[in-house]
Amino acid sequence: IIIILVEPQSPGNIGMTCRAMKNMGLTQLRIVKGCDRFDAEALKFAVAARDLLESASVFPDLASAMADCTLTVGTTRRHGKYRQEILSPPEVAGLLREQVTPDCRAAIVFGREDNGLTTEELSLCRWHATIPTSNEYGSLNLSQSVLLFCYELGKASESAGGGRPLELAKSEEMETLFAHFDATLNKIGFLNEQNPAHMMRSLRRIFFRANLDSREVTVLLGML
């Protein structure tokens, strides 16, 4: 299970994220651009988790950061038109406990401290999740959010009886499918030229729920 931070703005949050991960037994961190992870503040707050900080991988965008992942969870504080079917941390942990196998990579994606993930970035993720908080003040610190998800994952792993083997299509394969859908539906005039992304987001939700494997993606690509 991989933790992905998208454009983190505070080096201290990167360091505290590493500490939270190591506390709960997670070791793989990926970062999409953002501030310097080797800043003195990051090193200070990582404490004994500097090895995670040093081994973290940096990517130019979210799509490349999770291209090799099969199960992807985008976190969000906001609800809305394109932010539906939102899971809680225990629900995410339960799904990953059931479906992650040694051959399957999963990623939980966290956005920027000020604005979180964009709608476009969330649309890249198979599932969406949020941490229920007070309506009066719902904003959590980035590293706190990571810690809560890591804690639930740790709890779930204690009772895990082994994941059932699933061979779902990787994120990279799904993005190829969606790009082909977009091109084909534009060509036949199905998409609204003024707002083609609206229908494409609906199709993403449909096909993410379908849990397609690589063969099924190939069948759909052939059809398109």
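**Briefing: fold, cores and two buried positions**

The accessible surface of the chain is about 11400 Å², and carbon and sulfur atoms hold 51% of that area. The structure is a predicted model. Its chain contains 10 helices and 7 strands. The radius of gyration is 18 Å, close to the 17 Å from the globule rule for 224 residues, so the chain is as compact as a globular protein of that length.

**Overall dimensions and packing**

- Taken along the principal axes, the box filled by the C-alpha atoms is roughly 55 × 40 × 35 Å.
- Buried residues make up 46% of the 224 residues in the chain.
- Among contacts with a separation of 6 or more, 82% are between residues 24 or more positions apart.
- The chain carries 24 positive and 27 negative charges, and the mean positions of these two sets are 2 Å apart.

**Nonpolar cores**

- In soluble globular proteins, nonpolar side chains tend to be buried together.
- The largest nonpolar core here comprises 34 residues, and I3, L29 and I108 have the most contacts inside it.
- Helix α7, spanning residues 142–158, supplies the largest share of this core, with 6 residues.
- A second core, separate from that one, has 15 residues, including V32, M66, A107 and C125.
- Beyond its neighbours within four places in sequence, I108 is in contact with I2, I3 and I4, with V73 and T75, with V92 and L96, and with F149 and L153.

**M66**

- M66 sits in the loop between α4 (62–65) and β4 (71–75).
- M66 counts as buried because its relative accessibility is 0%, where the cut-off is under 20%.
- Not counting residues up to four places away in sequence, M66 touches I4, R30, T72, V109, L124, C125 and S171.
- C125, one of the residues M66 touches, is also listed with M66 in the second core.
- P132 is 66 residues from M66 along the chain, and their C-alpha atoms are separated by 25 Å.

**G74**

- G74 is part of strand β4.
- The relative accessibility of G74 is 0%, so G74 counts as buried.
- With neighbours within four places in sequence left aside, the contacts of G74 are V109, L117, L122, C125, W127, H128 and A129.
- V109 and C125 appear among the contacts of G74 and also among those of M66.
- Between G74 and L185 the C-alpha to C-alpha distance is 26 Å, with 111 residues separating them in sequence.

Key:
Residues are numbered from 1 along each chain as its sequence is written. This is a predicted model: local features need pLDDT of at least 70, side-chain atom pairs count only at pLDDT 80 or more; totals for chains, interfaces and linings use all residues. Side-chain values use heavy atoms; hydrogens and water are left out. Helices (H or I, at least four residues) and strands (E, at least two) are DSSP runs, numbered from the N terminus. The radius of gyration is taken over C-alpha atoms; the globule rule is 2.2 Å times the number of residues to the power 0.38. Buried means under 20% relative accessible area, exposed over 50%, partly exposed in between (1.4 Å probe, protein chains only). Contact means heavy atoms within 4.5 Å. Accessible areas come from the Shrake-Rupley method with a 1.4 Å probe; for residues, only the protein chains shown count as cover. Lys and Arg count as positive and Asp and Glu as negative; His and the chain ends are not counted. The place of a charge is taken as NZ of Lys, CZ of Arg, CG of Asp or CD of Glu. A nonpolar core is a set of buried Ala, Val, Leu, Ile, Met, Phe, Trp, Tyr and Cys residues joined through side-chain atoms within 4.5 Å.
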